[in-house]
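This report looks at how the helices of one protein chain pack against one another and where its aromatic rings meet. Please keep the sequence and the coordinates at hand while reading.

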Amino acid sequence: MSTPDPALGFDSLPFRGRATAASPVRKHPAVPPWRSGFAATVVWLALGLLTIYWPNQAVGFSDWAYTDEFGIAAITVGALLLAVALLGPRAGRVAQALRPAGPWLVALPLLFAAWEIATAKLAWLPTPFFAPPQSLVETYIDDWRRLGESLLHSARLLAHGFVLGALAGFLTGVTIGWSRIAGYWVHPVLRFLGPVPASALLPLAFFFFPSSYAAAVFLIALATGFPVAVLTWSGVAGVNRNYYDVARTMGASERFLVLRVAIPAALPQVFVGLFMGLGAAFSVLVTAEMMGVKAGLGFYLSWAQGWASYSNMYAALIVMAVLCSGLITLLFKVRDRVLSWQKGTVKW
């Protein structure tokens, strides 16, 4: 084995990791600065300063409570966004989560600023119908217990009605989609009674059921069950017949065909029905609570409107929106988990 010539120096030694013209050194691409994060910082800081140093327009009372606290909170959000923007990739998962929401982080303080100016600063919008953002802070701090109890009651009522309706709709859809006899008798009933809004049956439900809670559960289940049943039936009836033929050649029984072929192939349609049923169930939930149940977010909303406490009404509407959005997000995650094996063939 030949030894390297010392006269040639260290560069003559064989070195696999040394960069050459044929193997250039790869450099990781630099992460561009978070421009929307810096813009959001400026807007949130401006919102905080505007809220604190621009005097409120007092109309009919001394002043809006929690004005300074709302301004300090806006300044704090701006400082945190500035820290994330300056740290860049070193902020880790926080930066990865906030970067896609950059435009929204700019739009939200602009919306709050317009809201603040039109209500508390210039009083363009009449009170008590319109209140500034800090009035919502006051509601959540002073009335959080009643709002929390209303939220728990609505969530329990919605869970009972939605689960019962989803199960009944799923079983009905599978039955009429698989059995021609069941489809002959049940399908016309669904077409006749299904389009009737569940809230239209509210007086009858409260008359026939022993309690308003049971009547509300029935109406929510009815609103949920119709779209789930129709789309489950459509999914089962639309399964490719070749799947059944292949399974039968392997000796599959009728039970196997239903449980292992028809239902898995129809699951994308089933989840579409669940999404539609969730929206209908939430609408019936609020209507039932406003008219008969006397509890929950719908009742809280009706109570606040009756006492002309519009800040409480807006606070309840925001809680409703968060609840519905959270349930839809949870249902999306369940769908992604259940249908992960179909991800290559189903549009997500």
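The text below moves from the overall fold to three helix contacts, then to aromatic pairs and two individual residues.

**Overall fold**

The model is a predicted one, and the protein in it contains 13 helices and zero strands, so that reading along the sequence gives the pattern α-α-α-α-α-α-α-α-α-α-α-α-α. Of the 348 residues, 36% count as buried. Among the contacts between residues at least 6 apart in sequence, 72% join residues at least 24 apart.

**Three helix contacts**

Two packed helices are described by the angle between their axes and the distance between the axes. The table gives these values for three pairs.

| Helix pair | Axis distance | Crossing angle |
|---|---|---|
| α6 (residues 144-178) and α7 (residues 180-193) | within 6 Å | roughly 125° |
| α6 and α12 (residues 296-306) | within 6 Å | roughly 135° |
| α4 and α5 (residues 133-142) | 8 Å | about 95° |

Helix α6 takes part in two of the tabulated pairs, with α7 and with α12. With their axes crossing at roughly 125°, α6 and α7 are oblique to each other, because angles from 65 to 115 degrees count as roughly perpendicular and those over 145 as roughly antiparallel. The crossing of α6 and α7 is left-handed. On the α6 side the contact involves T172, T175, I176 and W178, and these meet R180, A182, G183, V186 and L190 of α7. Sorted by class, the contact of α6 with α7 comprises five nonpolar, three polar and one charged residues.

The axes of α6 and α12 cross at roughly 135°, and these two helices are therefore oblique to each other as well. Here α6 contributes R146, L147, S150, L151, H153 and S154, while α12 contributes G296, L297, Y300 and W303. By class, the contact of α6 with α12 has five nonpolar, four polar and one charged residues.

Which residues does S150 touch, apart from those up to four places away in sequence? S150, which lies in helix α6, touches G296, L297 and Y300, and these three residues are among those that α12 brings to its contact with α6. With a relative accessibility of 9%, S150 counts as buried, because that value is under the 20% limit.

The third pair has another geometry: α4 and α5 pack at an angle of about 95° and are therefore roughly perpendicular to each other. In this contact F112, W115, E116, T119 and A120 of α4 meet P133, Q134 and L136 of α5. The residues of the contact of α4 with α5 divide into five nonpolar, two polar and one charged.

**Aromatic pairs**

A search of the whole structure finds ten aromatic pairs. One of them is formed by W44 and F112, whose ring centres are 6.4 Å apart and whose planes make an angle of 55°, a tilted arrangement. This pair links distant parts of the chain, since W44 belongs to helix α1 (residues 35-53) and F112 to helix α4 (residues 102-121), 68 residues apart. W44 is buried, with a relative accessible area of 10%, whereas F112 is partly exposed, with a relative accessible area of 23%.

Another pair consists of F275 and F332, which is likewise tilted, with 4.5 Å from centre to centre and 40° between the planes. F275 lies in helix α11 (residues 254-293) and F332 in helix α13 (residues 310-338), so this pair ties together parts of the chain that are 57 residues apart in sequence. Both rings belong to partly exposed residues, F275 with a relative accessible area of 21% and F332 with 35% relative accessibility.

Ring pairs also link W44, F70, F112 and W115 into a cluster. Two members of this cluster, F112 and W115, are also among the α4 residues that meet α5.

**A buried leucine in α9**

L219 is found in helix α9 (residues 212-237). Is L219 buried or exposed? With a relative accessible area of 0%, L219 is buried. Leaving aside neighbours within four places in sequence, L219 is in contact with A198, L201, L202, A205 and V284. The C-alpha atoms of L219 and F162 are 9.7 Å apart in space, although the two residues are 57 apart in sequence.

Terms used. Residues are numbered from 1 along each chain as its sequence is written. This is a predicted model: local features need pLDDT of at least 70, side-chain atom pairs count only at pLDDT 80 or more; totals for chains, interfaces and linings use all residues. Side-chain values use heavy atoms; hydrogens and water are left out. Axes are lines fitted to C-alpha atoms, for helices over the stretch in contact, and angles run from 0 to 180 degrees between N-to-C directions. Helices (H or I, at least four residues) and strands (E, at least two) are DSSP runs, numbered from the N terminus. Angles under 35 degrees count as roughly parallel, over 145 as roughly antiparallel, 65 to 115 as roughly perpendicular and the rest as oblique. A crossing is left-handed if the near helix is turned anticlockwise from the far one by less than a right angle, and right-handed if clockwise. Contact means heavy atoms within 4.5 Å. Ala, Val, Leu, Ile, Met, Phe, Trp, Tyr, Cys and Pro count as nonpolar, Asp, Glu, Lys and Arg as charged, and the others, Gly among them, as polar. Rings of Phe, Tyr and Trp (its six-membered ring) pair if their centres lie within 6.5 Å; planes under 30 degrees apart count as stacked, over 60 as edge-to-face and the rest as tilted. Buried means under 20% relative accessible area, exposed over 50%, partly exposed in between (1.4 Å probe, protein chains only).
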